[in-house]
Amino acid sequence: MYQKILLPVDLNEEASWKKALPTAITLCETFGASLHVITVLPEFKLPMVGAYFPKDFSKKAHEAMKETQHAFIQANVPEGIKTQSIIVDGSPWEAIIKVGKKLNVDLIVMASHTKRKFVDYVLGPNAEHVVHHSKVSVMIVR
């Protein structure tokens with residue numbers, strides 16, 4: 001039923017994966033699907049934002065996140081599951097949709113956060129945006 005499953009994670013926010021990861025693993029094991037773990041970093045290259053960071057900050061942030069994500073995968077995903085690590089910049093929900101299309105995933109599994117931050121009131125929760133804009137099935141794990 002599923003061949004490629006996309007799992008968005010914020011490695012600084014355990015709630016973004018604690019319940020969704022076991023669900024994604026079970027689905028991968030059940031259907032023999034591959035797991036694609038995506039972490040979205042803020043866009044540091046924008047002129048207004050980038051001026052406050054060193055020129056190589058984005059590159060260093062990507063390298064650090066790549067190492068952290070690989071360690072996360074090694075510690076939390078069984079070896080038998082084919083896994084891909086993905087680090088991208090931008091708006092979380094837009095990046096999730098874009099990567100999902102590019103990889104031709106069958107399912108996006110993500111957590112629904114109950115903590116409300118100011119940005120959620122301004123932009124709306126990322127999970128809600130992914131559900132409304134995705135062309136593939138989205139499983140929200142609470």
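**A salt bridge, a buried serine and two nonpolar cores**

At 51% relative accessibility, K18 counts as exposed, because the cut-off for that class is over 50%. This residue is a convenient place to begin a tour of the model, which is a predicted one. K18 forms a salt bridge with E14, and the closest N and O atoms of the pair are 3.4 Å apart. The partner, E14, has a relative accessibility of 41% and so counts as partly exposed. The count of salt bridges in the model comes to one.

From here it is a short step along the sequence to S16. This serine lies in the loop that runs between β1 (residues 4-8) and α1 (residues 20-31). With a relative accessible area of 6%, S16 is buried, since residues under 20% fall into that class. The side chain of S16 reaches the backbone oxygen of E13, at a distance of 2.8 Å.

The two elements on either side of that loop appear again in the interior. The largest nonpolar core has 27 residues, and I5, L7, V9, L21, L35, F72 and V109 are those with the most contacts inside it. Two or more residues come from each of β1, α1, β2, α3 (residues 57-76) and β4. Among these contributors, α1 gives the most, with six residues. L7 offers a good view of how this core is put together: leaving aside neighbours within four places in sequence, L7 is in contact with A20, L21, A24, L35, H36, V37, I38 and V109. Apart from this core lies another, of 15 residues, which includes L6, V40, V88 and I97.

I97 leads on to helix α4, where it is one of the buried residues. The helix covers residues 92-103, twelve in number, and its first and last C-alpha atoms are 16 Å apart, close to the 16 Å expected at 1.5 Å a residue. Along α4, the buried positions are A95, I96, I97, V99, G100 and L103. Several elements take part in covering these buried residues, including the strands β1, β2 (residues 34-41), β3 (residues 83-89) and β4 (residues 107-111), together with helix α6 (residues 126-133). Just after α4 comes N104, which takes a positive phi of about 60°.

Key:
Residues numbered from 1 in each chain as written. Predicted model: local features only at pLDDT ≥ 70, side-chain atom pairs only at ≥ 80, totals over all residues. Heavy atoms only, no water. Helix = DSSP H or I, 4+ residues; strand = E, 2+ residues; numbered from the N terminus. Buried < 20%, exposed > 50% of the residue type's maximum accessible area, 1.4 Å probe, protein only. Polar contact = N/O pair within 3.5 Å; in protein donor to acceptor, adjacent residues only side chain to side chain. Expected span 1.5 Å × (residues − 1). Contact = heavy atoms within 4.5 Å. Core = buried A, V, L, I, M, F, W, Y, C linked by side-chain atoms within 4.5 Å. Salt bridge = Lys/Arg side-chain N within 4 Å of Asp/Glu carboxyl O.
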